[in-house]
Amino acid sequence: MTPNTATDLAPTMEPQAAPAAQAAPAAPAAHTAKDGKGILITEPAMKQLGSLMQQQGEGKILRVGVRSGGCSGMSYTMDFVDSPDIRSDDEQYTYEPTEAPSFQVICDPKSLLYIYGMQLDFSSALIGGGFNFTNPNATQTCGCGSSFAV
């Protein structure tokens, strides 16, 4: 017998719940600095930064900031600097990865205005891999992922 009304079809047309394996992936856990401030750093980025810090050797600090330029007007910068390169007005944050030694991140006050609340993630994908910036202050971003406008 074939159904002849919409009510006959209703039981077979109800939406099915998606299996748990098909659910959208949860956002990666993000860490703040020891004092609860600073940029958010996901667990994959924490592991990568911890590894890079060990390769850099003692006394290196990660400087995060922005500069003019890039596809959208401003671009992110990340560089390892020596301890004496810390300026008196730099904000300093200590991050403590679970499987690596703690490390320092510094940011100048002007850059902090543009990246406050930003999340730093890391992907090892062949296409689009590397550090990824998610900035709630950006009004426009570029496909390159390292350029933005406010």
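## β6, an enclosed strand

In this predicted model, β6 is largely enclosed by the rest of the structure, because 4 of its 5 residues are buried. The strand has partners to look at. With β3 it pairs in the parallel sense, over 2 bridges, and Arg 63 is the residue that stands opposite Ile 106 in β6.

The other pairing runs the opposite way: β5 and β6 are antiparallel, with 5 bridges between them. Here Tyr 93 stands opposite Val 105 in β6. Keep Arg 63, Tyr 93 and Val 105 in mind, as they come back below.

## A buried aspartate

Now to Asp 90, in the loop that links β4 (74-82) to β5 (91-95). Is Asp 90 buried or exposed? Its relative accessibility is 7%, and the cut-off for buried is under 20%, so Asp 90 counts as buried.

What does the side chain of Asp 90 reach? A polar contact of 2.6 Å ties it to the side chain of Arg 63, and the backbone nitrogen of Arg 87 sits 2.9 Å from the Asp 90 side chain. If you skip the neighbours within four places in sequence, the contacts of Asp 90 are Arg 63, Asp 85, Ile 106, Cys 107 and Asp 108. Arg 63 thus shows up twice in this picture: it stands opposite Ile 106 in β6, and Asp 90 is in contact with both Arg 63 and Ile 106.

## The closed space

Where is there room inside? The count comes to 1 cavity of 30 Å³ or more, and about 50 Å³ of space lies in the largest cavity. Its lining consists of Gly 38, Ile 39, Val 64, Tyr 93, Tyr 95, Val 105, Cys 107, Leu 112 and Ile 115. The Tyr 93 and Val 105 pair from the β5 and β6 pairing is therefore part of this wall, if you go by the lining list.

β5, β6 and α3 (109-115) each give at least two residues to that lining. By residue type, the wall of the largest cavity splits into 8 nonpolar, 1 polar and no charged. Cys 107, one of the lining residues, is also in contact with Asp 90.

## The open space

The largest pocket holds about 220 Å³ of space. It has 13 lining residues, and those nearest its centre are Met 53, Gly 57, Glu 58, Gly 59 and Ser 102. The lining of this pocket divides into 4 nonpolar, 7 polar and 2 charged.

Which elements build the wall? α2 (43-56), β3 (60-68) and β6 (103-107) each supply at least two lining residues, with α2 giving the largest share, 3 residues. β6 thus helps line the largest pocket and also the largest cavity.

## Two long-range pairs

Two residue pairs show how the chain folds back on itself. Gln 56, in helix α2, is partly exposed at 34% relative accessible area. Gln 56 and Val 81 are 25 residues apart in sequence, while 9.5 Å separates them in space, C-alpha to C-alpha.

Pro 84 belongs to the loop between β4 and β5, and with 74% relative accessibility it counts as exposed. Its C-alpha lies 9.0 Å from that of Gly 59, which is 25 residues away along the chain. Gly 59 is also among the residues nearest the centre of the largest pocket.

Terms used
Residues numbered from 1 in each chain as written. Predicted model: local features only at pLDDT ≥ 70, side-chain atom pairs only at ≥ 80, totals over all residues. Heavy atoms only, no water. Buried < 20%, exposed > 50% of the residue type's maximum accessible area, 1.4 Å probe, protein only. Polar contact = N/O pair within 3.5 Å; in protein donor to acceptor, adjacent residues only side chain to side chain. Contact = heavy atoms within 4.5 Å. 1 Å grid on protein atoms, 1.4 Å probe; cavity = no way out; pocket = protein on both sides within 12 Å on 5 of 7 lines; lining within 4 Å. Points joined across faces, edges and corners; volume = space filled by probe spheres on them. Nonpolar A, V, L, I, M, F, W, Y, C, P; charged D, E, K, R; others polar. Pairing = 2+ DSSP bridges.
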